[in-house]
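Welcome to a short guided tour of a protein model. Take a moment to look over the sequence and turn the structure around before reading on.

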Amino acid sequence: MRKKQIAALGMAAALIATSISPVNVMKVSAASKNLKITKSMVKKGKFVVPKGTYQNITIDKNVDGASVVLKNVNVKKTIVVNGKGKKAITLNVKTNTKVNKVTVNAKKSAVVVGSKGSVKNLVSNAADMKLSGEGKVSNVKLNAKNQSVKLGAGKVTTTDKATASINYVDVKGKSEVKLGDFTEVTKVVDGKDQKISYDKDGQEVTSALSYDGYTEKWRDDFNGNKLDRNNWNVELHEPGWVNNELQEYVDSDKNIIVKDGKLILKAIKTTDKDGKVSYTLIKNGSFNADFTGFETFVDESAAAVFSIDELNNGGKKTPTIEIEDTADKEWKIQLKQTGVKLENGKCYKLSFKAKSTLDRTIQYALQRDGSVHKNADGGEDWTPYTQETVSVTGDYQTFEKKFKMTFDSDDGTIFNISMGGNNIKDKHTISIDDIVLVEIPESEMPKEPTIEAGENLLKNANFANSFGSWNAPFFYKNGTTTFGSAIVQNNSVVYTIENVGTDNWHIQLKQSGIKLHHFTTFNSGIPLNEVHILGALL
């Protein structure tokens, strides 16, 4: 008889065994603790592992298309199923066989656990793996897509109909789990343990409440992509409103998520400089509690009406601003929230959605409260910490800004969206939704762009985007005195000045947020478009 050499896993010496049958049933000495199954050991597509106790069994990666049979075998550590994956490798765990762990790395593999066999842990890292049988599998983890778990009577054809059992399933990807003849299994969903119930045919039961004599009156299987507000309401409360709880009761699509048939409640944690913990920075940013937490402002020289629309956005509450006259300054129509906490050195991401029935620009900012902060001259200091002018159109756009708080910490920051300015008389409607402000790690901040010599650091310097990126034209207001107005015409700023004021700053064109770097020389001689003064009345 011809001797074959079998490589021993984890041993310095090789084992010498003998081929004794057409299907290659091997005799391995009691001293062996590890077995490596190679291509040459497989005869007629089959290999029978000799009965006994092993530490580890490895199916070599050069094995392609084989049935490996374990009967009266005890594997104390791990069976590793490698292989090329072109043809299926089937691992048959049969009578009186106990396996601590099976790790599957070969695609299209199959693991069949007989009624008197057991596997404590099974981890599959390969697509298209199939687990079936009537035996006991305690813990299953599927790390690849398109895998199948079918255990229990009625799921496979076997000579006996013993009841299969399983304790724990962790599923990733689009994989199927069907378990028969028992009622409940712990399944990992989004990193959390969840009890899943199954019927006698191994089908997942969508509702665990099913009792004789009871009639179902209502249910929500969370089949959509957002919470059905006809079925649910959300309470809003400040932190500590009862029992001195840390959490704040908020209503945000970032906290309340419906996905893959599940309702997910996600806490977003923030900590201020004093160690106070909260879980949101903008309150009621989804506006599901109407304008709670927000203030609306319309100057007497402008004309606008704020309301909540529940009819035109799939039932979701959406703030709408119907505008008939924007007046001359952006700040004359505002949606704002005060008391936002920003901490020096921290990084943040602000985002919101907006659209308008009239193509135009709006401005958003996080800024100081000038009624509290004063500058060196005693005047109100409304310094923006971040500020952008953006163009809105008839379709929702998501606007996002990441920034680092480089100023002193401010727990009274104002967030505002300004919709006035440019004296627009055309009636139009602006819709705003999903305002979110979260703290982010500095690693998520965009890298500073490289500045080339001669590059203009002023944005929209040719006014092609109207006043986009520019602060609203500033005219000092002294009682009822009118100083003038400004518009953009033919890519130029046109100022109509009625009163020049008494100080040079009383009429301004300015842009904030310009970044200057150390050890860099700047030339302010880059020309802007001409400023046309149509007249001055002194």
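Strands here are DSSP runs of E at least two residues in length, and they are numbered from the N terminus. With that in mind, Asn423 can be placed in the loop between β31 (410-418) and β32 (428-440). Please remember throughout that this is a predicted model.

**The overall picture**

The protein has 37 strands and zero helices. Of its 538 residues, 41% are buried. The exposed surface comes to about 29700 Å², with carbon and sulfur atoms supplying 48% of that area. Looking at contacts between residues at least 6 apart in sequence, 51% join residues at least 24 apart.

**Two asparagines with positive phi**

Let us return to Asn423. Its phi is near 50 degrees, a positive value in a residue other than glycine. Asn423 counts as partly exposed because its relative accessible area is 31%. Asn491 also has a positive phi, near 60 degrees. Asn491 sits in the loop between β34 (484-489) and β35 (492-497), and its relative accessibility of 35% makes it partly exposed.

**Salt bridges across the chain**

How many salt bridges are there? The count comes to 14. Three of them are set out here.

| Salt bridge | N to O distance |
|---|---|
| Lys36 and Asp60 | 3.5 Å |
| Asp299 and Lys332 | 4.0 Å |
| Lys425 and Asp325 | 2.8 Å |

Begin with the salt bridge between Lys36 and Asp60. This pair links distant parts of the chain, 24 residues apart: Lys36 belongs to strand β3 (residues 34-37), while Asp60 is in the loop between β5 (52-59) and β6 (66-70). Lys36 is partly exposed, at 25% relative accessible area, whereas Asp60 is buried, at 12%.

Next comes the salt bridge that joins the side chains of Asp299 and Lys332. Here two loops are linked: Asp299 is between β23 (295-298) and β24 (303-309), and Lys332 is between β25 (318-325) and β26 (333-342), 33 residues apart. Both Asp299 and Lys332 are buried.

The salt bridge of Lys425 with Asp325 is another one to find. Lys425 is in the loop between β31 and β32 and Asp325 is in strand β25, so this pair ties together parts that are 100 residues apart in sequence. Which of these two is exposed, and which is buried? Lys425 is exposed, with a relative accessible area of 52%, and Asp325 is buried, at 16% relative accessibility. Elsewhere, Asp299, Asp328, Lys329 and Lys332 are joined into one network by salt bridges that share partners.

**A positive patch and two more loops**

On the surface, Lys39, Lys84, Lys86 and Lys87 form a positive patch. One of these, Lys84, is in the loop between β7 (73-81) and β8 (89-93).

Ala106 lies in the loop between β9 (97-104) and β10 (110-113). Its relative accessible area is 0%, so Ala106 counts as buried. Leaving out residues up to four places away in sequence, Ala106 touches Val81, Asn82, Gly83, Ile89 and Ala126. Ala106 and Lys61 are 45 residues apart along the chain, and their C-alpha atoms are separated by 8.1 Å.

Our last stop is Ile514, in the loop between β36 (507-508) and β37 (531-536). Ile514 is partly exposed, with 35% relative accessible area. Apart from neighbours within four places in sequence, Ile514 is in contact with Leu457 and Leu458. From Ile514 to Leu458 the C-alpha distance is 7.0 Å, although 56 residues separate them in sequence.

Definitions and conventions: Residues numbered from 1 in each chain as written. Predicted model: local features only at pLDDT ≥ 70, side-chain atom pairs only at ≥ 80, totals over all residues. Heavy atoms only, no water. Helix = DSSP H or I, 4+ residues; strand = E, 2+ residues; numbered from the N terminus. Buried < 20%, exposed > 50% of the residue type's maximum accessible area, 1.4 Å probe, protein only. Contact = heavy atoms within 4.5 Å. Areas by Shrake-Rupley, 256 points an atom, 1.4 Å probe, with all protein chains shown as cover. Patch = residues over 30% accessible without salt bridge, like charges linked within 9 Å, V, L, I, M, F, W, Y side chains within 5 Å. Lys, Arg positive; Asp, Glu negative; His and termini not counted. Charge placed at Lys NZ, Arg CZ, Asp CG, Glu CD.
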